Every structure is written in C-alpha cells, then in structure tokens.
Amino acid sequence: MNTELQQETMVHDVELPNACAACGGPLAARFTPGSARGVCLACRAISAMTVSRAGDGLQIVQEPGGEA
Ligand SMILES: [Zn+2]
C-alpha cells in the first residue's frame, strides 16, 4: 500500500460561485485531505476552509483569519 499516492489522488480543485467572504466573488478552492484553501478569482483573497462530510455531500466552513 502506498499511502502517499492515495493522498495525491484526493486533491480536488473546485470553483465555488459567490463564496468569497470578502467580496462575494467566485472562489477557486483546492481540497486536500483534511483541509481546503480557497483563492478568490475577483479580489484574490485567500481563505482557509475546513471540509467535513455531511450526509451525501461535503460541508465547507470558511475559517476567518486564515490568511496565508
Ligand atoms: Zn473576493
């Protein structure tokens, strides 16, 4: 078993419309195991997010003050 290879395949890029906390613009989010980071396409604000499984889908929670 190669755990590192499995983690590599779990990285996903998703665009979230109207998800920017700063300007309400589209957020380009990259999901990695256990965490996620979003970059606004409009104002380039970076926000850290926490992803948890909720039923059949994913629940995304933005963490205030998560600037990089
Ligand atoms: Zn923005």
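Me: Is Ala42 buried or exposed, and how is that read from the model?

Reply: The general idea is to count neighbouring C-beta atoms; 12 or fewer within 10 Å marks a residue as exposed. In this predicted model, Ala42 has 12 other C-beta atoms within 10 Å, and it is therefore exposed.

Me: Where does Ala42 lie?

Reply: Ala42 belongs to the loop that links β3 (35–40) and β4.

Me: Which residues is Ala42 in contact with, once neighbours within four places in sequence are left aside?

Reply: A contact requires C-beta atoms within 7 Å. On that basis Ala42 touches Cys20, Cys23, Gly25 and Pro26. For Pro26, 16 residues away in sequence, the C-alpha to C-alpha separation from Ala42 is 6.8 Å.

Me: How do β4 and β5 pair, and over how many bridges?

Reply: Strand β4 (residues 46–54) pairs with β5 in the antiparallel sense, over seven bridges. Within this pairing, Ser52 stands opposite Gln59 of β5.

Me: What do β4 and β5 form, and how many residues are between them?

Reply: The two strands form a hairpin with two residues between them. In the turn, Gly55 has a positive phi of about 65 degrees.

Me: Why is Val61 classed as exposed?

Reply: The same kind of count applies, with 12 as the upper limit for an exposed residue. Val61 is exposed because 10 other C-beta atoms lie within 10 Å. Val61 is part of strand β5 (residues 57–63).

Me: Which residues is Val61 in contact with, leaving aside neighbours within four places in sequence?

Reply: Val61 is in contact with Met49 and Thr50. Thr50 is eleven residues from Val61 along the chain, and their C-alpha atoms are separated by 5.2 Å.

Note on methods. Residues numbered from 1 in each chain as written. Predicted model: local features only at pLDDT ≥ 70, side-chain atom pairs only at ≥ 80, totals over all residues. Helix = DSSP H or I, 4+ residues; strand = E, 2+ residues; numbered from the N terminus. Buried ≥ 20, exposed ≤ 12 C-beta atoms within 10 Å, placed from the backbone. Contact = placed C-beta atoms within 7 Å. Pairing = 2+ DSSP bridges.
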